[in-house]
Amino acid sequence: MPDAAPSPAVEVTGLVMRYGEKTAVDHLDLRVERGTITAVLGPNGAGKTTTLETCEGYRAPQQGTVRVLGLDPQRERRALLPRIGVMLQDGGAWSGVRALEMLRHVARLHAHPLDVDALADRLGLGDCGRTPYRRLSGGQQQRLKLALALVGRPELVFVDEPTAGMDPAARRTTWELLRQLRTDGVTVVLTTHHMDEAERLADLIHIIDRGRVIASGTPLQLTRGGTSTIRLVVTKPFPVGAPDSLQASLGGHLEVTTISDVSLLITGPADSTTLAVVSAWCEEQRVLPESLNLGQRTLEDVFLELTGRGLA
Ligand SMILES: Nc1ncnc2c1ncn2[C@@H]1O[C@H](COP(=O)(O)OP(=O)(O)OP(=O)(O)O)[C@@H](O)[C@H]1O
């Protein structure tokens, strides 16, 4: 008989988490397949950190179930911990310890750690190995936190905004490292506010807003394979009824979304004729375009359409 399919790396079902009156996570379902890079995106306060902290075993689910590598992160924490790596956003408790000492210490806690020097070199930490954590630059601290999450050879790693504060070269190295992990069969769960990072790295993206997953798919599925968009930004607020009037001028095959009182997004099969229609409409409405751009629909556009808010 064939082996039963392995459980997903992460399976969250009907998770509810509240802080007092505030519902941070609202019946959230989320599944991460093994061996993938999965990005969890959402505006500030969407519930990403709360969800991931529950998967990491730092918080008990108030309602619903969470399974990580088939285990309950609360009841089976001891079995799970050596198999996962967690890159947290803050690492203040370590402030006086030198970078390499810290890495060696964490390596010793694991049965089969990676080679510390090779990992430090790979992440460009060789030169600052003797520097105390608090004296490292923001980007160096990020690299060290990533190294700490990886040194125990986890099967699954949670990385929270891994490239925040990194310079472009360090970002690229980090992306390569995360791709290499996937090649080695490691599952990566990533949160990021950088859309290009999610688009380049992730096999699957889950967009969370107000404690729920509101869209899931590959980057291509979410951007509908490069549908066009036009972004219109004007110098003063649109007159009342402007989106409806523009929609009428454009016809039903294009969709007008209000981003702010000076900014609209037009999605669909847009081309240079569409630009001419928008431009003529601006003249008719006596609004002056500050910018009018035709481009491919990006994840950020998807985000704005879905949440009406930016990502940062
Ligand atoms: N310890 C806490 N006490 C009270 N409210 C909290 C606490 N932690 C989070 N919240 C609230 O729960 C909601 C979800 O927060 P969470 O940190 O999970 O969001 P997030 O998506 O990770 O946001 P960000 O992108 O800003 O990190 C927010 O409204 C936040 O203010």
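Here are some notes on the fold and the ligand site of this predicted model.

1. Start with the overall layout. The chain splits into two domains, with domain 1 running over 10-223 and domain 2 over 229-296. Taken over C-alpha atoms, the centres of domain 1 and domain 2 are 39 Å apart. I'll go through the sheets one by one and leave the ligand for the end.

2. First, the mixed sheet. This is an open sheet with 6 strands, and reading across gives β5-β6-β7-β3-β8-β9. The edge positions go to β5 (84-87) and β9 (212-217); each has a single partner strand, so one side of each has no neighbour in the sheet. From one strand to the next, the twist averages 15°.

3. For a parallel pair in that sheet, look at β3 (residues 37-41) and β7 (residues 187-191), which are joined by 4 bridges. If you want a spot to check the register, A39 sits opposite L190 in β7.

4. At the β9 edge the pairing is antiparallel: strand β8 (residues 204-209) is linked to β9 by 5 bridges. These two strands make a hairpin, with 2 residues between them. One to look at in the turn is R210, whose phi is positive, at about 50°. D209 has R212 in β9 as its bridge partner.

5. Now the antiparallel sheet. It is open too, with 4 strands in the order β11-β12-β10-β13. Here β11 (255-260) and β13 (289-296) are the edge strands; each pairs with a single strand, so one side of each is left free of a sheet neighbour. Ignoring direction, neighbouring strands are turned by 15° against each other on average.

6. Within that sheet, β11 and strand β12 (residues 263-268) pair in the antiparallel sense, over 5 bridges. T258 faces L264 of β12 across this pairing. Two helices pack on the sheet, and I'd look at them together. Helix α9 (residues 242-250) touches β11 and β12, and its direction makes about 155° with that of β11. Helix α10 (residues 272-285) touches β10 (228-234), β12 and β13, with an angle of about 160° between its direction and that of β13.

7. On to the ligand. Its surroundings include a run of residues P43, N44, G45, A46, G47, K48, T49 and T50. Y19, K22, A24 and H193 also belong to this shell. The elements that supply two or more residues to it are β2 (22-32) and α1 (48-55). Of the elements, α1 gives the most, with 3 residues.

8. The polar contacts to ligand oxygen atoms are worth a close look. From the backbone, a polar atom of A46 is 3.0 Å from a ligand oxygen, and an N or O atom of G47 is 2.9 Å from a ligand oxygen. From T50, a polar side-chain atom lies 2.6 Å from an oxygen of the ligand. As for cover, the ligand on its own has 630 Å² of accessible area, and the protein covers 63% of that.

Key:
Residues numbered from 1 in each chain as written. Predicted model: local features only at pLDDT ≥ 70, side-chain atom pairs only at ≥ 80, totals over all residues. Heavy atoms only, no water. Pairing = 2+ DSSP bridges. Axes fitted to C-alpha atoms, helices over the stretch in contact; angles between N-to-C directions. Contact = heavy atoms within 4.5 Å. Domains from an automatic or database assignment. Near = heavy atom within 4 Å. Polar contact = N/O pair within 3.5 Å; in protein donor to acceptor, adjacent residues only side chain to side chain. Areas by Shrake-Rupley, 256 points an atom, 1.4 Å probe, with all protein chains shown as cover.
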